[in-house]
Amino acid sequence: QVQLGESGGGLVQPGGSLRLSCAASGSIFTINTMGWYRQAPGNQRELVASINSSGRTNYADSVRGRFTISIDNAKNTAYLQMNSLKPEDTAVYYCNAVLGTVEDRRRAVRNYWGQGTQVTVSS
């Protein structure tokens, strides 16, 4: 079974930093894209950052210059370095990946979600 395992969330003071990790496991042949969405209470889920197979990155305007997404293809793991954190960054962060996988003995390109990790920025 293909799974996305998330880690790195927690409580941090404004101006602090956190590093999120998302590790894809299972029968994975290709990584097309990986990234994070976040959802705060009462808000819609929004894209935070993503990176595609060619290394192109995309950031929400609210995090550009503060967050950096990267990927280690050998480990099938993406990282989101979050610096200069603000209270408005508080949300559940969900890893998302578009992967080429083997499921039911057939290769397919599918969209996967992690379980989410809580990030709280508060003094």
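This report describes the fold, the disulfide, the salt bridges and two residue environments of a predicted model.

Residues are numbered from 1 along each chain as its sequence is written, and because the model is predicted, local features need pLDDT of at least 70 and side-chain atom pairs count only at pLDDT 80 or more, whereas totals for chains, interfaces and linings use all residues. Side-chain values rest on heavy atoms, with hydrogens and water left out.

## Overall fold

The chain contains 0 helices and 11 strands, where helices (H or I, at least four residues) and strands (E, at least two) are DSSP runs numbered from the N terminus. Followed along the sequence, these elements give the pattern β-β-β-β-β-β-β-β-β-β-β. The radius of gyration of the chain is 14 Å, close to the 14 Å that the globule rule gives for 123 residues, so the chain is as compact as a globular protein of that length; the radius is taken over C-alpha atoms, and the globule rule is 2.2 Å times the number of residues to the power 0.38. Taken along the principal axes, the box filled by the C-alpha atoms is roughly 50 × 25 × 25 Å.

Of the 123 residues in the chain, 41% are buried, a class defined by a relative accessible area under 20%, with exposed meaning over 50% and partly exposed the range in between (1.4 Å probe, protein chains only). The accessible surface of the chain comes to about 6900 Å², and carbon and sulfur atoms contribute 43% of that area; accessible areas come from the Shrake-Rupley method with a 1.4 Å probe, and for residues only the protein chains shown count as cover. Among the contacts in the chain with a separation of 6 or more, 58% are between residues 24 or more positions apart, a contact being heavy atoms within 4.5 Å.

## The disulfide

A search of the whole structure finds 1 disulfide, the criterion being a pair of cysteine sulfur atoms within 2.5 Å. A disulfide is a covalent bond between the sulfur atoms of two cysteines. Here the bond is formed by cysteine 22 and cysteine 95, with their sulfur atoms 1.9 Å apart, and the link is left-handed, with -85° about the S-S bond. The pair links distant parts of the chain, since cysteine 22 belongs to strand β3 (residues 18–25) and cysteine 95 to strand β9 (residues 91–103), 73 residues apart. Cysteine 22 is buried at a relative accessible area of 0%, and cysteine 95 is likewise buried at 0%.

## Salt bridges

The search of the whole structure also finds 5 salt bridges, each being a side-chain nitrogen of Lys or Arg within 4 Å of a carboxyl oxygen of Asp or Glu. Three of them are set out here, with the distance between the closest N and O atoms and the relative accessible area of each partner.

| Arginine | Acidic partner | Closest N and O atoms |
|---|---|---|
| Arginine 38, 7%, buried | Glutamate 46, 35%, partly exposed | 2.9 Å |
| Arginine 66, 11%, buried | Aspartate 89, 0%, buried | 2.8 Å |
| Arginine 110, 42%, partly exposed | Glutamate 103, 26%, partly exposed | 2.3 Å |

In the salt bridge of aspartate 89 with arginine 66, whose closest N and O atoms are 2.8 Å apart, distant parts of the chain are joined: aspartate 89 is in the loop between β8 (77–82) and β9, and arginine 66 is in the loop between β6 (57–59) and β7 (67–72), 23 residues apart. Arg38, Glu46, Arg66 and Asp89 are linked in a network of salt bridges.

## Two residue environments

Glycine 10 lies in strand β2 (residues 10–12) and is partly exposed, with a relative accessible area of 25%. Not counting residues up to four places away in sequence, glycine 10 touches Leu18, Gln118, Val119 and Thr120. The C-alpha atoms of glycine 10 and valine 121 are separated by 8.4 Å, although these residues are 111 residues apart along the chain.

Serine 50, found in strand β5 (residues 46–52), is buried at a relative accessible area of 19%. When neighbours within four places in sequence are left aside, serine 50 is in contact with Met34, Gly35, Arg56, Thr57, Asn58 and Ile69.
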